[in-house]
Each structure stands twice: as structure tokens, then as C-alpha cells.
Amino acid sequence: MSNRRFLFSGSGHGERLKFYPNMKAIIAEKQSVGMDIARVVGATEKKDGYCTGNGYMVTWASGHLVSLALPDTYGYTKAVAEDLPMIPDPFRLVSRQIRTDRGMVTDIAASRQLKVIDEVFSKCDDIIVATDAGREGKLIFRWIYAYLGYTKPFQRLWISSLTDEAIRKGMANLKDGNDYDSLYAAADSRAKADWLVGMNASRALAIASGSANNSIGRVQTPTLAMICARFKENRNFISTPYWQLHITLKQGEAHRQFIHPKEFRDKKAAEAAYRKISSESVAAVTKAERKRAFQQPPLLYDLTALQKDCNIHYDLPVDKTLAITQSLYEKKLVSYPRTGSRYIPQDVMAHIPVLLEKITAMPEFREYRRSLDLSALNTRSVDAAKVTEHHALIITGIVPEGLSEAESMVYTLIAGRMLEAFSPPCEKELLLMECVCGGLDFHSRSTVIANPGWRAVFSRKEDREKDEPERDEGTASFTEGEEIPVMGHGLSQKKTLPKPLYTEATLLTAMENCGKEITNGQAREAVKDTGIGTPATRAAILEKLVATGFVERKKSKKTVNLIPTHAGISLITVLPEQLQSPLMTAEWEHRLKEIERGEETPETFMQGIRDMVCELVKTYKTVLGADVLFPSGRTVVGKCPRCGSDVTESKKGYFCERNDCHFGLWRDNRFLVAKKINLTKKMAEALLKDGKTYASGIFSEKTGKTYDAYIVLEDDGTKTAYRLEFERGKANGKQYS
């Protein structure tokens with residue numbers, strides 16, 4: 001693409017930039033990061049979209065300002081079989097697109113900032129790239145660079161925290177931008193491959209099923225398949241009874257319960273075993289063994305491990321945890337959040353004792369300071385060979401101030417995990433006893449905590465291991481060879497239980513571990529530590545499944561389960577196994593890592609993707625045909641406020657049936673998505689009937705809290721918008737911790 005030049009007039013952006021010899025441009029990923037870097041390098045004069053001073057011009061992107069063009073750009077305006085497969089050559093880059101009631105349009109804010117970046121780049125000799133140090137950060141810059149048509153040399157600022165010290169050190173040790181070409185090549189190839197598979201599969205399914213707007217993705221679809229499979233397994237599970245036999249032996253005032261290891265599936269067999277024991281029976285102790293065991297502390301957090309714990313302990317959705325941790329990062333309080341590593345290198349370990357001193361000064365951990373020996377820290381989490389692009393999540397040592405309740409919770413969890421990771425193991429005393437009574441074997445296992453070690457940081461019952469039974473089996477202790485009268489025996493009836501439905505925490509675990517079932521050795525090796533998706537994308541994958549109406553959250557007792565909708569189950573029913581299996585993702589990840597290492601070329605990888613897409617389209621055309629069973633008919637949710645026609649439900653939202661009326665309520669409207677609200681059918685019905693609906697859990701990025709309020713529909717005949725209306729007397733709504 002030729003180099004573009006956007007010259008500013010006097011309005012909007014102030015006076016035109018002047019050219020300064022040896023001026024350096026710095027581009028960050030977000031404005032807040034750009035402002036921090038600008039302050040450190042002395043670019044203190046603020047302009048619209050950039051800062052300047054001391055020989056630097058610092059500007060910023062706002063995430064992906066540039067993206068791959070949609071099919072319409074290439075002339076694929078309708079879902080017709082003749083256009084498939086769609087294989088752009090070359091791919092085109094466009095300014096970011098956003099969804100509106102009128103469809104996809106160019107984001108004005110993105111176009112405006114691209115003009116600022118172009119003008120800054122044009123006035124500088126050199127470019128310093130300070131986007132997030134990872135695959136996506138590289139992609140964000142390189143697509144902007146390519147879209148604007150630049151060939152100027154650039155250097156890379158590669159840092160893992162935003163403290164002033166880290167920024168200064170990184171600026172003093174800038175890397176050659178071309179050193180990361182392979183990282184960019186992997187990110188670019190991944191994005192284009194996702195486009196080819198997602199766009200072609202979605203349109204092929206739309207043609208085959210007659211249902212538009214089918215959202216299919218390389219990682220999204222196998223994730224949905226896992227949720228559907230677990231849901232079906234849970235709902236189709238038939239519980240069966242079983243019986244367990246136990247005896248109780250007494251020693252003075254103490255007692256101990258022994259369990260027969262066999263679970264009886266037949267009631268008559270269980271009762272026959274029960275009758276072998278009477279009040280006159282004697283048990284012969286055949287084994288009494290004591291031994292010490294050590295439960296090692298957990299590793300430091302990566303993003304996924306943090307998201308799981310936040311969901312388990314605080315019911316925080318995974319996307320909210322990511323947003324909060326990103327906020328802590330931008331406040332310089334924690335290291336880079338989108339990390340997939342749970343280890344730190346030795347040079348970072350050198351700073352840990354000082355950081356632990358600061359953590360133990362926090363009110364929550366002052367008591368623990370007495371038992372922590374800073375001169376003998378556990379080094380289980382120290383291994384430079386296992387550090388990927390960024391080391392594990394740790395605090396920076398800057399004292400937090402003015403945090404929201406949610407930010408404080410997450411910060412405390414990260415700090416507490418550091419205490420756990422560098423603390424001594426939990427020391428336990430295990431006691432195993434076995435005996436024979438009535439010709440049947442019985443055993444008893446118990447555990448006593450001799451030294452809690454790391455478990456004293458939070459003292460959670462969830463930290464117990466399987467050798468620590470929840471029930472009290474007694475404290476009596478016997479020696480081998482003793483014969484003890486039986487003081488009681490019993491037969492307990494129990495029943496088998498299904499695997500529980502996925503929660504956000506257990507789904508993350510499943511996504512991490514799904515590679516274990518892959519038989520292809522190289523593919524399994526590629527995802528053995530990462531699974532499908534990345535720590536940075538898993539939250540977005542789940543939110544997209546919810547936003548597109550394939551998955552919904554349902555609260556049950558103390559947990560929030562992930563349930564596939566009818567549309568989600570229907571989609572998985574008709575998709576080829578190739579798209580449902582994590583194998584394709586695993587194979588991709590293996591080959592993308594080879595691109596990162598320079599062992600495979602992007603051209604070879606992309607040719608394989610193009611060949612696969614051609615076969616995929618052929619599968620749809622020959623196998624699915626027109627016989628795909630998809631939800632028939634549409635559900636009417638109300639009357640259109642513009643023309644009075646029926647508004648019906650679809651996967652993307654609720655839309656007027658009249659072709660020339662463009663009214664619609666999108667499930668993923670930007671306002672609602674920002675507030676973490678999914679527009680349900682019930683809410684849409686209320687909006688159409690009453691003009692407003694009451695919603696719980698409306699998220700505020702400013703406070704990090706959730707609120708209750710009315711969502712009011714405002715439609716002017718051409719566009720639809722929403723606003724919040726709090727109940728009278730509740731200016732801030734109802735807050736939830």
C-alpha cells in the first residue's frame with residue numbers, strides 16, 4: 001500500500017507538526033501507557049492524540065486500529081455457494097470496523113487516531129514500538145505500519161512492567177524491530193488463517209442451513225463443543241446406587257472408623273457382607289504406617305490461573321478479571337498480565353525478598369510475616385527455561401492507592417500467591433491403618449498438619465489434598481498385630497454423580513488440558529502446557545459464545561454454570577468433526593510456534609490453510625446439503641417501535657421482520673457489552689413493551705463494581721441507543737461486592 005499523508009488543518013488537532021531532526025516517534029498500545037512512557041522520556045507537552053518534547057513524539061493505538069477487511073470488500077456481498085471458498089489474494093487491511101444497527105461501519109475514532117499516528121511517523125526519523133510485548137502487540141503495530149505504508153526503521157521496547165525503572169531500562173536497551181519478525185509472522189498468519197476458516201465455514205453453514213449469522217471460529221467452536229458435550233453428559237447421566245461398609249474400633253475414649261475399599265453395586269451382596277460382622281466381631285490390625293509428606297506450594301500466577309481463582313473465590317467472570325488485572329498493570333502495580341508463564345528468571349528472583357517485605361506489610365499478611373524466613377525462600381517458581389514471552393504475574397512494589405474493591409481483591413490475590421509460591425511446603429503426617437474383620441479388608445487414612453507452611457497464607461479448605469478427608473474418622477491409633485473389638489458397623493447407601501456442568505473456572509482448566517486427548521504426538525506437545533486459546537484470548541472466546549447466543553450463564557446454588565442454548569447445540573450438531581475437535585487448533589499452534597522459531601515459513605503454513613479450507617467447503621456442499629436440521633421458525637418477542645411489525649429473535653439479537661425497516665436490538669450492542677450485560681429475550685420483550693428493562697450486574701469500568709439499574713431504550717427512527725436510569729433514592733444503584 002502506498003504511503004498515506006493526512007495533513008491537519010487548524011481545527012480539531014491544533015497547529016501542524018513541524019519536522020525536527022533526529023526526532024523519535026514512540027507508539028504504545030493504549031493512551032494510558034503512552035502517557036506514562038511520555039512522562040518518563042520527557043515528552044510532557046500534550047496534544048490531541050500524542051505528546052511531544054525532549055526529542056520524542058509519543059502516540060498510541062487503541063487496540064487493533066487496523067483489521068482484515070470483511071468479505072464485502074472483496075465483492076463477496078452475499079452468502080452464495082458460487083463464492084466459496086473465499087480466498088483473498090492479497091488480504092486487505094482496513095481501518096477498524098464496528099457493528100451498528102446499520103451493519104458494519106468504519107470506527108471514526110480509529111480513523112482519527114490513525115491520522116494522528118501517520119502525522120507523527122511522518123515527522124520523525126525513527127520509530128520505537130512500545131505496544132504490548134507479545135504476539136498481538138506486534139500485530140497491532142505492524143498492521144498500522146503496513147496500512148500507512150511506512151518503510152522507516154523501527155526499534156522495539158520490550159518490557160514486562162510499566163514502572164518508571166522498567167521503562168528507563170527498556171529505553172536504554174532497545175531491540176532491533178526485525179528481531180521480532182518471526183513473532184509478527186506467526187501473529188499475522190494466525191489472524192489470516194482464522195479469517196479463512198471462520199468466514200468460509202460461517203457462510204458455508206449459512207448456505208447449507210438457510211440460517212444466517214452463524215458464528216464459527218477455530219477456538220470458539222471446539223470450546224462450544226466441550227460445553228455441549230459436558231451438558232449432554234450431565235443431563236443424560238443416570239444415577240445408580242451403591243453401598244459402602246464401615247466398622248468402628250474404639251481405644252479408650254477415642255475411636256476410628258475403617259472403610260471397606262470395595263463399593264457394592266448390588267444391595268444383596270452389600271447386606272451379605274454386613275451380616276458377616278456382629279457386635280462380637282474382632283478386627284485384627286494388619287498394618288499401621290506413619291510417614292511424612294510434603295505438599296509443595298502452588299506456582300506463581302499466569303493469567304489463566306488467576307482467572308480461575310478469581311472465579312472460584314470471588315465469582316468474578318474471566319473477562320472482568322482480565323480487565324481488572326490490565327487496570328492494575330496500567331497503574332504500574334503488577335507485571336504484564338497476559339502471560340502464559342508461571343515462572344520467573346533468576347534476575348527477577350533477586351528482587352523477590354524486597355517485594356515480599358512489602359507484601360507482609362499489608363494488613364492481610366502481617367501475621368504471616370512471623371513464620372516467613374526471607375533467607376530461605378522456596379525457588380520452585382524460578383526457572384528461566386520455562387519463562388515464555390513474559391514471566392509470571394507479580395507485584396511491582398509500588399504501594400497501591402485508591403483501588404476499587406474489585407481491584408483490591410485481585411491485587412491481594414496476586415500478592416498472596418507470591419507469599420505462597422516462595423513459602424516452605426506444607427508438612428503433613430500421614431497415618432495408614434489396615435485391618436481384617438469377618439474375612440473382609442478395611443482401611444483408614446488420616447492426615448495431621450504438622451507445619452502448614454504456605455497454606456497458612458490464606459488458610460483455605462480448598463487447599464486440602466485427596467489424602468485429607470473432610471469427614472472425621474476419629475483419632476484412635478492402633479499398632480500392627482493388635483486385635484480390637486468392633487464397637488459398631490454400618491452400611492451406607494450412596495449414589496453415583498454426573499460430572500458437574502462447566503463453570504468459567506473449570507472451562508478454563510478444560511481448555512488448558514484438552515490437548516491430553518490428542519493422539520498426534522507433535523500436536524499434543526504443542527498444546528500440552530497451553531491447551532487451546534491463549535491466556536489473553538480465552539475470556540473473549542467465552543464472552544463471544546455468550547454474546548452470539550450459543551451459551552448462557554445460569555446460577556445454581558453457589559456456582560454459575562455455563563449452559564449451551566438450543567442454538568448452540570444445533571450448531572454443534574451440524575458441524576464437521578474437524579471444526580469441533582481441538583486437534584486443528586493444536587496443529588496450528590504447533591506450526592505457529594515453528595514460524596516463531598524460524599523453522600517454518602508463513603507461506604507454507606498459509607498454503608496448508610488454503611488447502612484445508614477448500615476441503616472444508618467441499619465437505620459442506622456434499623455432506624450437509626439442504627438436509628441440515630436447524631431451528632425452524634422464529635420467535636416473536638414484540639412489536640417494532642418504528643413500523644409496528646413483528647420483532648423476532650435470531651442468534652445476533654431481535655430484529656424487525658419488515659425488510660425495509662432496519663430496527664434491531666443487537667445482543668452485542670457496544671453499550672451493553674461494555675457494561676457486561678447480555679440482552680436476553682426477556683429483556684428484549686420488556687424493552688419493546690415498556691421501553692425499559694431492569695438489569696442486575698451492570699459493570700462500571702471506572703469503579704470496578706456492578707450495579708442494578710433500568711436500561712432505557714432510545715430509538716429516534718434511524719438508530720437505537722440505550723441509557724441507564726437508576727432507581728429514585730439510589731443515585732449509584734445497588735452495589736455488589
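Contact here means heavy atoms within 4.5 Å. The model is predicted.

Start with helix α4, which covers residues 164–172. Four of its residues, A166, I167, G170 and M171, are buried. Viewed down the axis of α4, these buried residues fall within an arc of 130 degrees, so they line one face of the helix. The general geometry helps here. An α-helix has 3.6 residues a turn, so residues three or four places apart point the same way. What do the buried residues of α4 pack against? Their partners are two strands near the start of the numbering scheme's list, β1 (24–28) and β4 (56–60), together with helix α1 (31–41) and β9 (126–130). Now turn α4 around. The face pointing away from the buried side carries E165, R168, K169 and A172, which are exposed.Next, go to helix α6 (residues 220–235) and helix α13 (residues 504–513). The two pack at an angle of about 120 degrees. Their axes are 11 Å apart. That angle makes α6 oblique to α13, because angles of 65 to 115 degrees count as roughly perpendicular and only those over 145 as roughly antiparallel. The crossing of α6 and α13 is right-handed. Which residues make the contact? From α6 come T223, M226 and I227. From α13 come L507, A510 and M511. Of the residues in this contact, five are nonpolar, one is polar and none is charged.

Helix α8 spans residues 303–314 and holds Q307. Is Q307 buried or exposed? Q307 has a relative accessible area of 0%, so it is buried. Under 20% is the cut-off for that word. Setting aside neighbours within four places in sequence, Q307 is in contact with V318, T321, L322, L508, P535 and A539.

Finally, look at a loop. I277 sits between α7 (267–275) and β14 (282–295). I277 is in a loop, and it is buried, with a relative accessible area of 4%. Where does the chain bring a distant partner to I277? V486 is 209 residues away in sequence, yet the two C-alpha atoms are 8.6 Å apart in space. V486 is also among the contacts of I277, once neighbours within four places in sequence are left aside. The others are L245, I247, C437, F442 and H489.

Note on methods. Residues numbered from 1 in each chain as written. Predicted model: local features only at pLDDT ≥ 70, side-chain atom pairs only at ≥ 80, totals over all residues. Heavy atoms only, no water. Axes fitted to C-alpha atoms, helices over the stretch in contact; angles between N-to-C directions. Parallel < 35°, antiparallel > 145°, perpendicular 65-115°, else oblique. Left-handed = near helix turned anticlockwise from the far one by under 90°. Nonpolar A, V, L, I, M, F, W, Y, C, P; charged D, E, K, R; others polar. Buried < 20%, exposed > 50% of the residue type's maximum accessible area, 1.4 Å probe, protein only. Arc of directions from axis to C-beta.
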